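Reader: I should be grateful for a close look at a single part of this structure. Please take me through it step by step, as I am still learning to read such models.

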Amino acid sequence: KLLTILRAFPASEPTKKRFVSEMMNWSSKVGEYPLGDPELHHVAGSIFAEECEPYDAERHLALGTKDSPEALAKCEYEWYTQDEPPTAALYAARAIFPYLLVGNLRSANKAHLIFTSRLSSAANKSLSVQEVSSKSSDMRVYPVLPLLNFLGLLLLAVQRGSSDLYKQLAKHYAPHVKEVGVWDDALAQIGEMYFGIRIPRQGNPLFDMMGSMMGFGGGSPKPKPKKADVPPPPAADLD
């Protein structure tokens, strides 16, 4: 019933987002998922994606189902096509980082594959792409898009659980990441989650401890872009 009502909302209906928010709050209280039912998130996120509302689409698809990464990657790619070619990694990251930050590596990999597949399609013949294969993995390398290479290698590092590889990547791509300017918080959290690299804590240690115990400590908010600055990981010696 809830999904039937949601689908009935016109695209421009101003109360739709409030309805979705209340639907998720209800789901989190009565269901088994503290952040809301994945199917509800998937449907809501897919609708927002179709209506060119990428921020709302990201928020829900990141908590959706196994089908959500495809919807999110396609949404980000369509958004990217309205921007300049060198910005591809900014949009790809918005489809990858959210899944890594909720511990969903499989969906992060799927989103990356779908985004890069579209980027490398026949419509982008002018984009130079190299296929690199090894016994354990295959990946596309983009000579003119170093940050996109970084994202692919980051996923590989997470998959292998290699903190050494992550540190190499962070050092090698530091100038490029610095230019983006909004990935720092997400990457710091990924470094701590997957590689045990502690985020430096500031402030009153006692307050931080109390906050953690009482549940009001939290992660950094997702950076907001002008066009696309991020939502969303890491990766050797490739530019």
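Which residues do ring pairs link into a cluster?

Author: The model is a predicted one. In it, ring pairs join Tyr55, Tyr77, Trp79, Tyr80, Tyr91 and Phe115 into a cluster. The structure as a whole holds ten aromatic pairs. One of them is formed by Tyr80 and Tyr91, whose ring centres are 5.9 Å apart and whose planes stand at 55°, a tilted arrangement. This pair connects distant parts of the chain, since Tyr80 belongs to helix α5 and Tyr91 to helix α6 (residues 88-101), eleven residues apart. Tyr80 and Tyr91 are both buried.

Two further members of the cluster, Tyr77 and Phe115, lead to the packing of two helices. Two packed helices are described by the angle between their axes and the distance between the axes. Helix α5 (residues 68-80) packs against helix α7 (residues 105-119) at an angle of about 40°, and the axes are 8 Å apart. The angle therefore makes α5 oblique to α7. The crossing in which α5 passes α7 is right-handed. On the α5 side, the contact is made by Pro69, Glu70, Ala73, Lys74, Glu76, Tyr77, Glu78 and Tyr80. These meet Ser107, Lys110, Ala111, Ile114, Phe115, Arg118 and Leu119 on the α7 side. By character, the residues of this contact comprise eight nonpolar, one polar and six charged. Tyr77, Tyr80 and Phe115 thus appear both in the contact of α5 with α7 and in the aromatic cluster.

Helix α5 also has a part in covering helix α4 (residues 54-61). Six of the eight residues of α4 are buried, so this helix is largely enclosed by the rest of the structure. The buried residues in α4 are Pro54, Asp56, Ala57, Glu58, His60 and Leu61. What covers them includes α2 (16-30), α3 (38-50), α5 and α6. Helices α5 and α6, which are among the elements that cover α4, are also the helices that hold Tyr80 and Tyr91 respectively.

To summarise, the cluster includes Tyr80 and Tyr91, a buried pair that links α5 with α6. The cluster also includes Tyr77 and Phe115, which take part in the contact of α5 with α7.

Key: Residues are numbered from 1 along each chain as its sequence is written. This is a predicted model: local features need pLDDT of at least 70, side-chain atom pairs count only at pLDDT 80 or more; totals for chains, interfaces and linings use all residues. Side-chain values use heavy atoms; hydrogens and water are left out. Axes are lines fitted to C-alpha atoms, for helices over the stretch in contact, and angles run from 0 to 180 degrees between N-to-C directions. Helices (H or I, at least four residues) and strands (E, at least two) are DSSP runs, numbered from the N terminus. Angles under 35 degrees count as roughly parallel, over 145 as roughly antiparallel, 65 to 115 as roughly perpendicular and the rest as oblique. A crossing is left-handed if the near helix is turned anticlockwise from the far one by less than a right angle, and right-handed if clockwise. Contact means heavy atoms within 4.5 Å. Ala, Val, Leu, Ile, Met, Phe, Trp, Tyr, Cys and Pro count as nonpolar, Asp, Glu, Lys and Arg as charged, and the others, Gly among them, as polar. Rings of Phe, Tyr and Trp (its six-membered ring) pair if their centres lie within 6.5 Å; planes under 30 degrees apart count as stacked, over 60 as edge-to-face and the rest as tilted. Buried means under 20% relative accessible area, exposed over 50%, partly exposed in between (1.4 Å probe, protein chains only).
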